[in-house]
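User: Hi! Could you walk me through this structure, one step at a time?

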Amino acid sequence: MNRSWIFIFVGAFFEVIWVIGFKHAESPVSWAATIVSLAISFYLIIAASTRLPVGTVYAVFTGLGTAGTVLAEMVLYDEPVRLAKLLLIALLLAGIMGLKLIGGSSASTEVQS
């Protein structure tokens with residue numbers, strides 16, 4: 001796995017933080033953490049987009065962020081766990097893995113700088 005893909009995964013992690021922050025932030029500190037997470041997330045995705053196909057980067061970023069946010073809501077905020085949700089997350093992750101496999105997992109598909 002190259003550095004651009006690591007940027008996407010770390011960016012998606014920070015995406016989960018800022019999305020949850022938009023719903024649950026109540027203090028200046030939590031809002032500051034939300035805004036910092038937003039900035040880090042977008043910086044990493046922009047950096048990854050300079051080397052990988054932007055469509056693949058965006059699809060993987062939003063897919064991982066969506067799946068992570070749904071799972072975080074279930075684990076941290078007691079959202080109901082439904083089999084349909086878990087199956088749809090699995091389907092989403094399968095699509096993400098498919099995009100990674102066909103859309104830029106090798107160094108040959110990266111944009112050379």
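User: Which residues of H1 are buried?

Analyst: Happy to help, and please keep in mind that this is a predicted model. Buried here means under 20% relative accessible area. In H1, the residues that are buried are Ser 4, Trp 5, Ile 8, Gly 11, Ala 12, Phe 14, Glu 15, Val 16, Trp 18, Ile 20 and Gly 21.

User: Which helices do the buried residues of H1 pack against?

Analyst: H1 itself covers residues 3–24. Its buried residues have three helices as packing partners: H2 (28–49), H3 (54–76) and H4 (83–102).

User: Which residue caps the N-terminal end of H1?

Analyst: Look for a side-chain oxygen beside the backbone nitrogen of Ser 4; the two atoms lie 3.0 Å apart. The residue that supplies this oxygen, and so caps the helix within the 3.5 Å limit for a polar contact, is Asn 2.

User: Is His 24 buried, partly exposed or exposed?

Analyst: His 24 belongs to helix H1. Beyond its neighbours within four places in sequence, His 24 touches Glu 73 and Tyr 77. Its relative accessible area is 25%. Because buried requires under 20% and exposed over 50%, His 24 counts as partly exposed.

User: How far apart are the end C-alpha atoms of residues 55–76?

Analyst: In its unreviewed entry, UniProt lists 55–76 among the spans given as "transmembrane region". In the model that span is 100% helix and 0% strand. The distance between its end C-alpha atoms is 31 Å.

Terms used: Residues are numbered from 1 along each chain as its sequence is written. This is a predicted model: local features need pLDDT of at least 70, side-chain atom pairs count only at pLDDT 80 or more; totals for chains, interfaces and linings use all residues. Side-chain values use heavy atoms; hydrogens and water are left out. Helices (H or I, at least four residues) and strands (E, at least two) are DSSP runs, numbered from the N terminus. The expected span of a helix is 1.5 Å times one less than its number of residues. Buried means under 20% relative accessible area, exposed over 50%, partly exposed in between (1.4 Å probe, protein chains only). Contact means heavy atoms within 4.5 Å. A polar contact is a pair of N or O atoms within 3.5 Å; within protein, one must be able to donate a hydrogen and the other to accept it, and residues adjacent in sequence count only if both atoms are side-chain atoms. UniProt positions are given in the numbering used here, feature names are shortened, and annotations may be inferred rather than shown by experiment.
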